[in-house]
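Work through the exercises below with the model open. Try each task before you read its solution.

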Amino acid sequence: MGNCSQGCKDYFSRQKNTNIRLTLPVVCFVWQIAMIILFGVFIRYDEESDTHWVETKAHDNITSDIENDFYFRYPSFQDVHVMIFVGFGFLMTFLKRYSFGAVGFNFLIASFGLQWALLMQGWFHSLDPQTGKIFIGVESLINADFCVAGCLIAYGAVLGKVSPVQLLVMTLFGVTLFAVEEYIILNLLHARDAGGSMVIHTFGGYYGLAISRVLYRPNLHQSKRMQGSVYHSDTFAMIGTLFLWMFWPSFNSAITDHGDGQHRAVINTYLCLASTVLTTVAISSLSQKTGKLDMVHIQNSTLAGGVALGTAAEFMISPYGALIVGFFCGIISTMGYIFISPFLEKTLKIQDTCGIHNLHAMPGVIGGIVGAITAAAASESVYGKQGLINTFDFTGDFKDRTVLTQGGYQAAGMCVSIVFGVVGGAIVGSILKLPIWGDPADENCFDDEVYWESIKLLHCTDHTEDISHK
């Protein structure tokens, strides 16, 4: 028994081999070929993107192509797509020697994830029982980007500590878990979560934190010289912040009902984000004896309001209510970077590179709570009878549901997302812990040179003044 235990320990602690010349190409080729085959079997254009749209228009007495959902959804899709590839990518470029990995691996994760998401979400949400096909349109593309966002959030927790092969495996399981928890929360529990505070941010945050905990590196201090930022890396990260901040109203409103629901979601998110900036700046200044601002807080906590308002974005939370949510989110998120992140690393052994607990997990839970309270407090006098039905989709099997019951199911949805994130992340983390994925040694984390060519120019940053980050 002792020999077996020692052998297992030696296997997991053997010297790291970061040569992924075979594993990465094999995974990319095999998985992309699998996507081609699965798309050929299951995926088809929906009626609004098919050439039979002309016949559909005539049959339904539609007089103009402007009624095609493409013209309603595509502007929001563009904004969300930019958030996924530019916003998330550049937000993670703060590390002085990990910009290639931040943007490049973000690109890789998203490109694979959106394909797998179209299949997984299609099987759960839109599989035609008669034909066995999945019919996709522009709204399917938005939902796939949402699904990918959960995996990119998780990436933030393990940024710089894993290989691209591990990231692809993490995305494969992450998208699968996301599709299941999304189906349970939105379809079975019938919770409303237009901006994904629960489904996207809470799940993605706890999924990444659980993986990071399982992959804990006790000797990560050997890469401490790489964990700082420099002036230009923080500037690049701020580009990501600004893209995310500007487009977040589109993120929270992209799949809401046409008309008042979408309009209201944009207004609420817009105001909430603005309020968050002021309280973030205030707490950041108060936290320093000299009153100076910390760029970590400005890059991240200013976005927390958009996360927290995701669930209640389309509800009648009122403009001043949106400002209140933003006010408290800026405070809580910034305090998280100051106090909670050090506690998580020291006490719970969670090495959260980007601080996703403070930007996504914690604000996501706040969003779930705000959504549950707002739903339970909804009334016919505020929403109107038909407005109440439209906002909470009280139709079909749910036509007799009361607002108090809806509030309870909203809270249950938040619990489901946390459970899926924590349990799923722990299982996936155990898989990623196997020493076969080409992950870097403790002394080589947060360094692009491990996986990228042409890094010599970056070495000059070793002589640049480090700025403590996170």
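Accessible areas come from the Shrake-Rupley method with a 1.4 Å probe. The model is predicted.

**Exercise 1. How much area does the protein expose, and what share of it do carbon and sulfur atoms supply?**

Solution. Start with the total: about 21000 Å² is exposed. Next, take the share: carbon and sulfur atoms supply 65% of that area. Now turn to the inside: of the 470 residues, 52% are buried.

**Exercise 2. Find out how many disulfides the protein has.**

Solution. First, recall the cut-off: the two cysteine sulfur atoms must lie within 2.5 Å. Take Cys-272. The closest cysteine sulfur belongs to Cys-329, 5.8 Å away, so the distance is too far for a bond. Cys-272 is buried, at 0% relative accessible area. Now take Cys-415. Its closest cysteine sulfur is also in Cys-329. That gap is 18 Å, again too far for a bond. Cys-415 is partly exposed, with a relative accessible area of 44%. The count comes to zero disulfides.

**Exercise 3. Compare the radius of gyration with that of a compact globule.**

Solution. A compact globule with 470 residues would have a value near 23 Å. The protein has 23 Å, so the two agree. Add the spans: the C-alpha trace covers about 65 × 55 × 50 Å along its principal axes. Then list the elements: 17 helices and two strands. Finally, check the contacts between residues at least 6 apart in sequence: 82% join residues at least 24 apart.

**Exercise 4. How many positive and negative side chains are there?**

Solution. Count each set: 27 are positive and 38 are negative. Then locate the centres of the two sets: they lie 12 Å apart.

Conventions
Residues are numbered from 1 along each chain as its sequence is written. This is a predicted model: local features need pLDDT of at least 70, side-chain atom pairs count only at pLDDT 80 or more; totals for chains, interfaces and linings use all residues. Side-chain values use heavy atoms; hydrogens and water are left out. Buried means under 20% relative accessible area, exposed over 50%, partly exposed in between (1.4 Å probe, protein chains only). Helices (H or I, at least four residues) and strands (E, at least two) are DSSP runs, numbered from the N terminus. The radius of gyration is taken over C-alpha atoms; the globule rule is 2.2 Å times the number of residues to the power 0.38. Contact means heavy atoms within 4.5 Å. Lys and Arg count as positive and Asp and Glu as negative; His and the chain ends are not counted. The place of a charge is taken as NZ of Lys, CZ of Arg, CG of Asp or CD of Glu.
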